[in-house]
Amino acid sequence: MEKIIIFLAVLIIVAAILIYTIRIVPQAEAYVVERLGAYHQTWNTGVHFVLPFVDRVANRVTLKEIVKDFDPQPVITKDNVTMQIDTVVYFQITDPKLYTYGVVGPITAIENLTATTLRNIIGDLELDETLTSRDIINTQMRSILDEATDPWGIKVRRVEVKNILPPRDIQEAMEKQMRAERERRESILKAEGDKRSAILVAEGEKESAVLRAQAEKESALLRAEAKKEATIKEAEGKAEALVKVYEAQAKGIELIKNSNPTKEYLSLKSLETYEKIADGQATKIVVPSELQSVATLLTNAKEIVKD
């Protein structure tokens, strides 16, 4: 019975030792192993064996990207404005050995390094630059932190400024400034709208005046053309009438010529012509070319009357 108990005890001890000596490293982790108090090796994913009482796992390190949201830090700008800024740091452990032995409290070291770096950067910027230069701050901090954490086996991937909290009075002044700026932009937009409206109205009136002038011009041209056409038609009518009169006169003369008129008839026609000339409104004096013709004309007229 005692032998059985001893055997079971030995078996349990051996099993415990075997369990202790077998270590399984999970994915995305690494174990830093010490042998007799000194660094021995780094175990990656898989099954590993530990020498009892000789080897020990000094540190279990995750290889995943770590995100740390640090508390707001008080910083002073170049123009002596104190504000609270909190940052988020994204980093990854690239060397478990350096991470284990490089610095005491790596997370605390990164937080303090972030705070001091942030104060140095913000100290060179004024308030307005600080509020509008997040990308510059992020880039500079990432570069400085990445270089400083290389001896610790840490790779800083990104640094983001999460919040920038100016003092309350500064916030109120900024709000008033923003409100004034919005009102100024509103006034400018309204003035631009009124200006554009006035320009459009003026252009409309100008186009209307031009159209009216063109219409009046075309109307005047049409009236002139109509008057011209009427004058031409009237002149043509008069010309045609004169032509007909001349033709009638020519026919009359031709008929008189063909009828072989007497001297007395011609004298009578001459007297009728002088009578018509004398009936005109204008003052006219008809003097025959030969005075003797007058006596002859009167004698002939007397004989015609008698006949």
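This report describes two strand pairings and two surface patches in a predicted model.

## Strand β1 and its partner

Strand β1 spans residues 22-25. R23 and V25 lie on its covered face, while I22 and I24 lie on the uncovered one. In a regular strand the side chains alternate between the two faces of the sheet.

The partner of β1 is strand β4, made of residues 46-49. The two strands run antiparallel and are joined by four bridges. Within this pairing, V25 stands opposite G46 of β4.

## The hairpin of β7 and β8

Strand β7, residues 73-76, also has two faces: Q73 and V75 are on the covered face, and P74 and I76 are on the uncovered face. Four bridges connect β7 with strand β8, residues 82-93, in the antiparallel sense. V75 of β7 has M83 of β8 as its bridge partner.

Five residues separate the strands in this hairpin. There, N80 adopts a positive phi near 65°.

## A nonpolar surface patch

M1, I4, I5, F7, L8 and L11 make up a nonpolar patch of about 670 Å² on the surface. One of these residues, L8, belongs to helix α1, which covers residues 2-21. L8 counts as partly exposed because its relative accessibility is 45%, a value between the limits of 20% and 50%.

## A patch of negative charge

A second surface patch carries negative charge and gathers D79, E126, D128 and E129. E126 is located in the loop between α3 (106-122) and α4 (127-132). With a relative accessibility of 40%, E126 is therefore classed as partly exposed.

Definitions and conventions
Residues numbered from 1 in each chain as written. Predicted model: local features only at pLDDT ≥ 70, side-chain atom pairs only at ≥ 80, totals over all residues. Heavy atoms only, no water. Patch = residues over 30% accessible without salt bridge, like charges linked within 9 Å, V, L, I, M, F, W, Y side chains within 5 Å. Areas by Shrake-Rupley, 256 points an atom, 1.4 Å probe, with all protein chains shown as cover. Salt bridge = Lys/Arg side-chain N within 4 Å of Asp/Glu carboxyl O. Lys, Arg positive; Asp, Glu negative; His and termini not counted. Charge placed at Lys NZ, Arg CZ, Asp CG, Glu CD. Buried < 20%, exposed > 50% of the residue type's maximum accessible area, 1.4 Å probe, protein only. Pairing = 2+ DSSP bridges.
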